[in-house]
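Me: I have a model open and would like to talk it through with you. Could you take my questions as they come?

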Amino acid sequence: SYTTDTKSREENKKTLESLYSLSVDITKIRRLKEWVLLQDVAYVKEIAAILQEMGADETTVANIIERCPEAILHTPAEINSQRALWQLVCQNEKQLIKLIEQFPESFFTTKYQQNQKANILFFQELGLKNNIITRFLTSAPSIFYNPVEKNKNVIETLQRNYLNLGGSEANMKIWILKLLSQNPFILLNTSTAIQENLEFLQKNDFADQEVLQLLSKLKGFIFQLNSTTMQKSMLFSKNIFKCSDQELKQLVLKCPALLYYSVPVLEERLEGLLKEGISISQIRETPMVLELTTQIVQYRIKKLSALGYDIKSGNLESLNGTKKDFEVTYGKIQSKKERPIFNPVAPLHVED
């Protein structure tokens, strides 16, 4: 709705003066979104006043406008509505202003206010805690732009499938909330896509209980895939590991990444491991190592080698896990190496 034809327009002097008075770095705005400065109408002082009313100091106001210059193109009424909306899930205005400073783009997208409100209320009814909803508002704002019926539809499809796969009514709510907390972007999928992906797994002989296990392990990412890419990835793994359908199924249950990553990604990671002298049989034994990027694998191998740990002859478990997991493993190997061998019958030399 704003013109972006910058050649024939001049910067709005009134806007510039108002921004200068707020100590806003205008060169940043010119570099980021110069078109904002060309608009005939801007509400610089009004937006600044609303932010200050919420507790923002001068530096915070300047910081917010520099990061999201289009904030000044919204009317005060739009911003006050957005403020009331976010207050439904924020503890207080102090928390709200902190969120606006960190995620200004999410806050100043006011186009879908009706949908945002309906979705906030729906998530609260569903049992999601307010701190989770605020996390969604800032890190996954697009899920609030959907009409609430669409999000309800996806949730209902998940609930129905969970029960059909043998999940219990008692655990369903916890399962849904956990899935949503881990991956809110599930809601951007269609109910049909979710249904198709689950049917694909069942056609590939995964038992209902195993499908449920995969859904939990994949944190809902399975819904962002399609049967074609999953089929290709499984075929690739089957050829590489030279295994039967049953063995492949066990590998996928052990390492859902074999289903989730595309063939080019799996190829690149496999190649990286082979270059380090790791064998296919070692990878087959510990397929979870394919969840790590080549850079992470190289870094971890280097660190372990410095301790004299030979990854080619050992098992790959020591490479696995999150950064924290690896640090724990590394620490254990290090202390083992540094610990002196204690001889129980040797005389102790104790100084007086």
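Reply: Happy to, and what follows goes from the overall fold to cavities, rings and a few single residues, with the reminder that this is a predicted model.

Me: How many helices and strands are there in the chain?

Reply: The chain has 20 helices and zero strands.

Me: And what radius of gyration does the chain have, set against a compact globule of 352 residues?

Reply: The chain has a radius of gyration of 27 Å, whereas a compact globule of 352 residues would have one near 20 Å. Along the principal axes, the C-alpha atoms fill a box of roughly 85 × 70 × 50 Å, and 43% of the 352 residues count as buried.

Me: Switching to the inside: how many cavities of 30 Å³ or more are there?

Reply: The count comes to two cavities of 30 Å³ or more, with about 40 Å³ of space in the largest cavity and a volume of about 30 Å³ for the second largest.

Me: Which residues line the largest cavity?

Reply: The lining of the largest cavity is made up of Arg269, Gly272, Leu273, Val289, Leu290, Leu292, Thr293, Thr294 and Val297. The elements that contribute two or more residues to this lining are α17 (263-275) and α19 (294-306), and α17 gives the most, with three residues. Sorted by class, the lining has five nonpolar, three polar and one charged residues.

Me: What about the second largest cavity, which residues line that one?

Reply: The second largest cavity is lined by Phe236, Ser237, Ile240, Phe241, Leu258, Leu266, Leu270 and Leu290, and Leu290 is also among the residues that line the largest cavity. Here α14 (227-241) and α17 each supply at least two residues, with α14 providing the largest share, four residues. The class split for this lining is seven nonpolar, one polar and no charged.

Me: And the largest pocket, how much space lies in it and what is it lined by?

Reply: About 290 Å³ of space lies in the largest pocket, which has a lining of 13 residues, and of these Lys217, Leu218, Pro256, Ala257 and Glu291 lie nearest its centre. By class, that lining divides into eight nonpolar, one polar and four charged residues.

Me: On to aromatics: how many pairs does the structure hold?

Reply: The structure holds nine aromatic pairs. One of them is Tyr112 with Tyr145, where the ring centres are 4.3 Å apart and the planes lie at 15°, so this pair is stacked. The pair links distant parts of the chain, since Tyr112 is in the loop between α7 (104-107) and α8 (113-126) and Tyr145 is in the loop between α9 (130-139) and α10 (148-164), 33 residues apart.

Me: Is Tyr112 buried, partly exposed or exposed?

Reply: Tyr112 counts as partly exposed, because its relative accessibility is 28%.

Me: What kind of pair do Phe123 and Phe144 form?

Reply: Phe123 and Phe144 form an edge-to-face pair, with 5.4 Å from centre to centre and 90° between the planes. Phe123 lies in helix α8 and Phe144 in the loop between α9 and α10, so the pair ties together parts that are 21 residues apart in sequence. Both Phe123 and Phe144 are buried, and ring pairs link Phe122, Phe123, Phe136 and Phe144 into a cluster.

Me: Which charged ends sit over rings?

Reply: There is Arg269, whose charged end sits over the ring of Tyr261 at 4.4 Å from its centre, and there is Lys303, whose charged end sits over the ring of Tyr330 at 4.2 Å from its centre. Arg269 is also one of the residues lining the largest cavity.

Me: Where is Arg300, and is it buried or exposed?

Reply: Arg300 is found in helix α19 and is buried, with a relative accessible area of 5%. Its C-alpha atom is separated by 9.3 Å from that of Asn320, 20 residues apart along the chain.

Me: Last topic, the backbone: what phi do Ser23 and Asp205 have?

Reply: As background, most residues other than glycine have a negative phi. Ser23, although not a glycine, has a positive phi of about 60°; Ser23 is in the loop between α1 (13-21) and α2 (26-33) and is partly exposed, with a relative accessible area of 47%. Asp205, also not a glycine, has a positive phi of about 70°; Asp205 lies in the loop between α12 (191-203) and α13 (208-217) and counts as exposed at 58% relative accessibility.

Technical notes: Residues numbered from 1 in each chain as written. Predicted model: local features only at pLDDT ≥ 70, side-chain atom pairs only at ≥ 80, totals over all residues. Heavy atoms only, no water. 1 Å grid on protein atoms, 1.4 Å probe; cavity = no way out; pocket = protein on both sides within 12 Å on 5 of 7 lines; lining within 4 Å. Points joined across faces, edges and corners; volume = space filled by probe spheres on them. Nonpolar A, V, L, I, M, F, W, Y, C, P; charged D, E, K, R; others polar. Phe/Tyr/Trp six-rings, centres within 6.5 Å; stacked < 30°, edge-to-face > 60°. Buried < 20%, exposed > 50% of the residue type's maximum accessible area, 1.4 Å probe, protein only. Lys NZ or Arg CZ within 6 Å of the ring centre and 35° of its normal. Rg over C-alpha atoms; globule rule 2.2 N^0.38 Å.
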